[in-house]
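Reader: I have a model open and some labels I would like explained. Can you take me through the reasoning behind each one?

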Amino acid sequence: MKTYENLVNHLGDKASFYLDHVSEKITKDELQLPDDNFVSNVFVNSNRNPQVLRSLAQLYGHGNLKDTGYLSILPVDQGIEHSAAFSFYKNPDYFDPENIIKLAINAGCNGVASTFGALGLYARKYAHKIPFIVKINHNELLSYPNTYDQTSFGKVREAWNMGAVAIGATIYFGSKESNRQIKEIADAFAEAHSQGMATILWCYTRNDAFKTDKEDYHTAADLTGQANHLGVTIQADIIKQKLPTTNFGFKDLQFGKYDDPMYETLTTEHPIDLCRLQVANCYMGKIGLINSGGGSKGASDMTEAITTAIINKRAGGSGLILGRKAFQRPFKEGVELIHTVQGVYLEKRITVA
């Protein structure tokens with residue numbers, strides 16, 4: 001079956017809703033859209049040094065999506081964030097990090113993102129075969145009670161030593177620890193750039209007050225969009241963000257700066273328009289937005305991954321960073337799922353809304 005028809009079949013009666021929508025609040029003409037010259041278009045006049053541009057070019061120029069301006073990244077740091085037993089019991093092969101790297105290579109990913117330990121153990125064997133992205137901080141789950149803080153697990157220089165093209169980091173925007181995290185990661189990103197590595201920021205919101213009895217605003221378009229804007233301010237070259245599922249975080253929680261015309265001017269309730277607000281907060285797409293694939297739910301994973309990719313692409317985003325839906329299943333099925341998602345970005349009939 002042809003790729004486009006296969007994707008449409010997965011969407012079912014929602015196909016038209018996702019594929020025919022036209023964004024009229026922030027139009028596609030206002031965006032920097034992914035293309036085969038994306039790195040030069042965006043960064044050639046920036047303060048990034050030539051070695052950073054080379055690292056970005058390696059990342060955008062690798063795998064099945066090479067030279068499209070889109071990214072397909074395999075992230076596996078859940079062994080720390082969610083505990084190794086819980087993350088890998090569905091497929092214990094991934095306790096051995098070599099299988100993480102092999103999955104990324106076989107799936108034709110642009111790069112593989114994991115921990116110092118996982119990538120460092122196989123750096124000499126694979127760092128020249130697929131771009132490494134070293135995740136430098138984590139929320140370690142073993143402290144009790146858990147504080148949901150991000151802790152540095154190694155030095156930027158060590159990522160460079162193992163041949164990484166980029167470092168990745170998380171900031172919990174909105175948390176009481178966020179000011180410290182912002183400073184730490186801003187410093188780490190400046191050091192990474194000085195050594196020629198690109199920077200990717202997991203821009204997550206985290207505060208108990210963001211979840212009410214009626215709504216969870218951790219994935220509100222306005223809050224996540226502002227997190228993105230803070231992320232690009234500390235010079236992240238790529239932003240990773242959860243797909244928005246709601247809006248009106250500032251308004252409904254009654255904090256920050258907002259008014260009704262702000263929401264009416266910038267977005268609608270359509271998920272593509274909500275995601276476009278995230279893209280707009282990444283300097284109108286000049287810093288690529290990659291949305292996360294989310295957790296694995298089993299049979300619905302393929303449809304959910306396709307839907308997320310279509311929303312991201314049609315919103316003007318730059319790709320998907322998908323982990324659990326791929327590695328928490330047999331190797332061959334994980335490769336197939338990633339290939340199908342990549343097909344969304346290669347399919348020319350799926351256009352920016």
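Author: Start with handedness. A crossing is right-handed if the near helix is turned clockwise from the far one by less than a right angle, and left-handed if it is turned anticlockwise. Keep in mind that this is a predicted model. The crossing of H14 and H15 is right-handed.

Reader: What makes H14 oblique to H15?

Author: The angle does. The axes of H14 (residues 271–280) and H15 (residues 301–315) cross at roughly 55 degrees and come within 8 Å. Roughly parallel needs an angle under 35 degrees, and roughly perpendicular needs 65 to 115. The angle of roughly 55 degrees fits neither class, so H14 counts as oblique to H15.

Reader: Which residues of H14 and H15 make the contact?

Author: H14 supplies Pro271, Ile272, Cys275, Arg276 and Val279. H15 supplies Ile311, Asn312, Arg314 and Ala315. By class, that contact has six nonpolar, one polar and two charged residues.

Reader: Why are H1 and H15 called roughly perpendicular?

Author: H1 (residues 3–11) and H15 pack at about 110 degrees, with axes 9 Å apart. The class runs from 65 to 115 degrees. The angle of about 110 falls inside that range, so the pair is roughly perpendicular. Leu7, His10 and Leu11 of H1 make the contact with Met302, Thr303, Ile306, Thr307 and Ile310 of H15.

Reader: How many residues of each class does the contact of H1 with H15 have?

Author: Five are nonpolar, three are polar and none is charged.

Reader: Why is H6 described as largely enclosed by the rest of the structure?

Author: Count the buried residues. H6 covers residues 97–106, and seven of its ten residues are buried, so the helix is largely enclosed. Buried means under 20% relative accessible area. The buried residues are Pro97, Glu98, Asn99, Ile100, Ile101, Leu103 and Ala104.

Reader: What is found at the start of H6, and what just after H6?

Author: At the start, a side-chain oxygen of Asp96 reaches to within 3.0 Å of the backbone nitrogen of Glu98. Just after H6, Gly108 takes a positive phi of about 70 degrees.

Reader: How do you know that Lys135 is buried?

Author: Its relative accessible area is 1%. The cut-off is under 20%, so Lys135 counts as buried. Lys135 sits in strand S3 (residues 132–135). Beyond its neighbours within four places in sequence, Lys135 is in contact with several residues, including Asp77, Glu81, Gln150 and Trp202.

Reader: What makes the approach of Lys135 to Asn137 a polar contact?

Author: A polar atom of the Lys135 side chain lies 2.8 Å from the backbone oxygen of Asn137. The limit for a polar contact is 3.5 Å.

Reader: Is Thr224 buried or exposed?

Author: Buried. Its relative accessible area is 0%, and the cut-off is under 20%. Thr224 lies in H11 (residues 221–233). Leaving out residues up to four places away in sequence, Thr224 touches Thr205, His218, Thr219, Gln241 and Gln278.

Reader: Why is His339 called partly exposed?

Author: The relative accessible area of His339 is 34%. Buried is under 20% and exposed is over 50%, so His339 lands in between. His339 is part of H17 (residues 331–346). Not counting residues up to four places away in sequence, it touches Asn64, Asn106, Ala107 and Gly108. The side chain of His339 reaches the backbone oxygen of Asn106 at 3.5 Å.

Reader: What makes the phi of Tyr148 and of Tyr283 worth flagging?

Author: Most residues other than glycine have a negative phi. Tyr148 has a phi near 55 degrees, a positive value. Tyr283 also has a positive phi, of about 55 degrees. Tyr148 lies in the loop between S4 and S5, and Tyr283 in the loop between H14 and strand S9 (288–292).

Reader: Why do Tyr148 and Tyr283 both count as partly exposed?

Author: Partly exposed lies between 20% and 50%. Tyr148 has a relative accessible area of 44%, and Tyr283 has 38%.

Reader: Where is the cis peptide bond?

Author: It joins Tyr144 and Pro145, with omega about -5 degrees. Pro145 is in the loop between S4 (137–138) and S5 (151–152). Most peptide bonds are trans.

Definitions and conventions. Residues are numbered from 1 along each chain as its sequence is written. This is a predicted model: local features need pLDDT of at least 70, side-chain atom pairs count only at pLDDT 80 or more; totals for chains, interfaces and linings use all residues. Side-chain values use heavy atoms; hydrogens and water are left out. Axes are lines fitted to C-alpha atoms, for helices over the stretch in contact, and angles run from 0 to 180 degrees between N-to-C directions. Helices (H or I, at least four residues) and strands (E, at least two) are DSSP runs, numbered from the N terminus. Contact means heavy atoms within 4.5 Å. Ala, Val, Leu, Ile, Met, Phe, Trp, Tyr, Cys and Pro count as nonpolar, Asp, Glu, Lys and Arg as charged, and the others, Gly among them, as polar. Buried means under 20% relative accessible area, exposed over 50%, partly exposed in between (1.4 Å probe, protein chains only). A polar contact is a pair of N or O atoms within 3.5 Å; within protein, one must be able to donate a hydrogen and the other to accept it, and residues adjacent in sequence count only if both atoms are side-chain atoms.
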